[in-house]
Amino acid sequence: KSERVIASRQGPHLRLAGGGAGILNFCANNYLGLSSHPEVIRAAVEALEKFGAGLSSVRFICGTQSIHKDLEEKIARFHQREDAILYASCFDANAGIFEALLTPEDAVLSDELNHASIIDGIRLCKANKYRYKHMDMQDLEAKLQDAQKHRLRLVATDGAFSMDGDIAPLREICQLAQKYDALVFIDECHATGFLGPNGRGTDELLGVMDKVTIINSTLGKALGGAAGGYTTGPKPLIDLLRQRSRPYLFSNSLPPAVVGCASKALDLLMESNAIAQSMAAKTQRFRSKMTAAGFTISGKDHPICPVMLGDARLAAVMAEDMLNRGIYVIGFSYPVVPKGKARIRVQISAVHSDEDIDRCVEAFTEVGRKHGALP
């Protein structure tokens with residue numbers, strides 16, 4: 001994989017190093033367009049000036065400032081949970097929770113397409129491990145039946161899956177969890193901020209906020225785009241993580257500027273759901289126009305819109321040709337996705353205009369016809 005070098009702020013319009021200007025960006029996790037929002041940037045500057053560049057410490061030594069506690073309280077309030085704990089990333093949050101929570105007497109049941117960080121976090125724990133077929137509730141139920149011999153059962157799933165843009169069937173998962181006395185954990189990195197009526201995520205979207213026990217998510221995508229992750233849920237769990245979660249205990253505190261960014265992003269979301277709600281219409285516009293043009297778009301009603309092409313080389317050359325037409329997208333192929341499932345993953349942002357979306361579709365249509373992906 002190669003890295004393109006950006007010489008401007010993150011946003012819908014980019015300038016690339018070497019002279020590429022006016023490039024339309026359609027592959028960022030900047031779902032709400034807050035990465036370069038003036039109020040978010042101002043909040044970061046203010047936090048930097050007041051609280052410094054960093055803490056040079058982990059939280060329990062001299063790394064906890066009032067802004068860290070304020071942000072944790074705000075995250076818990078946003079998700080309507082009892083408490084929250086900050087991490088350097090959601091990768092760290094996922095690495096830290098399973099080992100701290102589960103013992104050899106317990107069981108964890110994981111969707112086979114869960115994010116790599118969930119898989120790695122589960123590998124670190126000593127619990128009995130079950131992997132169920134992707135969003136297959138019959139298979140999950142069979143695994144839950146088999147796991148009844150264990151003390152505690154935890155079902156772990158992405159809320160929204162980042163490669164395919166599909167959304168976990170949380171209603172059914174929660175029903176099975178209730179039937180078999182299990183807890184439910186969801187990773188909301190690709191849902192927090194824009195799914196659900198108020199952007200609280202897939203549990204709000206599907207009406208199961210009171211049935212999901214644990215939420216892990218990120219501050220590095222929709223919520224300002226800088227860095228950081230968190231776990232939110234019951235207070236006894238958060239208290240346990242503060243004492244036993246290794247990434248929390250042995251990693252530096254989040255820098256004040258990052259805390260300031262995320263805090264302001266949450267303020268904007270809790271003041272108005274207008275930004276979150278604007279995503280649905282933009283996502284539908286892209287998906288319907290691309291489908292009408294003849295492309296197959298994976299997932300449903302999510303701003304992750306994978307343009308399925310099948311062939312790895314086709315995905316790579318089309319992505320490069322799209323850049324020549326001023327559209328920044330990236331091709332994905334094995335081992336990131338299964339063999340034969342190569343795609344260009346397009347991501348819609350609240351700050352894309354209708355004209356931006358239409359220009360992207362037009363470029364895809366031209367390039368698709370040129371390379372035989374369309375008739």
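Mentor: A salt bridge here is a side-chain nitrogen of Lys or Arg within 4 Å of a carboxyl oxygen of Asp or Glu. The model is predicted, so local features need pLDDT of at least 70 and side-chain atom pairs pLDDT 80 or more, while totals for chains, interfaces and linings use all residues. Residues are numbered from 1 along each chain as its sequence is written, and side-chain values use heavy atoms, without hydrogens and water.

Trainee: Thanks! How many salt bridges does that rule count, and which residue forms one with lysine 179?

Mentor: The rule gives 23 salt bridges. In one of them, the closest N and O atoms are 2.9 Å apart, and lysine 179 is paired with glutamate 141.

Trainee: Which helices does that pair link?

Mentor: Helices are DSSP runs of H or I with at least four residues, numbered from the N terminus. The two partners are 38 residues apart in the chain, with lysine 179 in α7 (residues 170–179) and glutamate 141 in α6 (residues 137–146). So the linked helices are α7 and α6.

Trainee: Is lysine 179 buried or exposed?

Mentor: Buried means under 20% relative accessible area, exposed over 50%, and partly exposed in between (1.4 Å probe, protein chains only). Its partner glutamate 141, at 22%, counts as partly exposed. Lysine 179 has a relative accessibility of 57%, so this residue counts as exposed.

Trainee: Which residue meets lysine 370 in a salt bridge, and is that partner buried or exposed?

Mentor: The contact is 2.8 Å, N to O, and joins lysine 370 to aspartate 321. It links helix α14 (residues 354–370), home of lysine 370, to helix α13 (residues 312–324), home of aspartate 321, across 49 residues. Lysine 370 is exposed at 54%, but with a relative accessible area of 8%, aspartate 321 is buried.

Trainee: Which residue forms a salt bridge with arginine 242 at 3.1 Å?

Mentor: Arginine 242 lies in helix α9, and its partner lies in helix α3, 170 residues away in the chain. Both side-chain partners are buried. The residue is glutamate 72.

Trainee: Why do the buried residues of α9 line one face?

Mentor: In α9 (residues 235–244), the buried residues are Leu237, Ile238, Leu241 and Arg242. The arc is taken from the directions from the helix axis to the C-beta atoms. Pro236 and Gln243 are exposed on the face turned away from the buried side. The buried residues line one face because, seen down the axis, they fall within an arc of 140 degrees.

Trainee: What end-to-end distance should helix α3 span?

Mentor: The expected span is 1.5 Å times one less than the number of residues. Helix α3 (residues 66–79) has 14 residues, and its end C-alpha atoms are 20 Å apart, which agrees with the expected 20 Å.

Trainee: How much space lies in the largest cavity?

Mentor: A cavity is a set of points on a 1 Å grid over the protein atoms alone where a 1.4 Å probe fits but cannot get out, and lining residues have an atom within 4 Å of a point. The structure holds 2 cavities of 30 Å³ or more. Residues lining the largest cavity include Arg59, His68, Tyr87 and Tyr248. Its volume, the space filled by probe spheres set on grid points joined across faces, edges and corners, is about 90 Å³.

Trainee: And which elements give two or more residues to its lining?

Mentor: Among the lining residues are Leu86, Pro247 and Asp92. Strands are DSSP runs of E with at least two residues. The elements asked for are β3 (83–87) and α10 (246–249).

Note on methods:
On a 1 Å grid over the protein atoms alone, a cavity is a set of points where a 1.4 Å probe fits but cannot get out, and a pocket is an open set with protein on both sides within 12 Å along at least five of seven lines; lining residues have an atom within 4 Å of a point.
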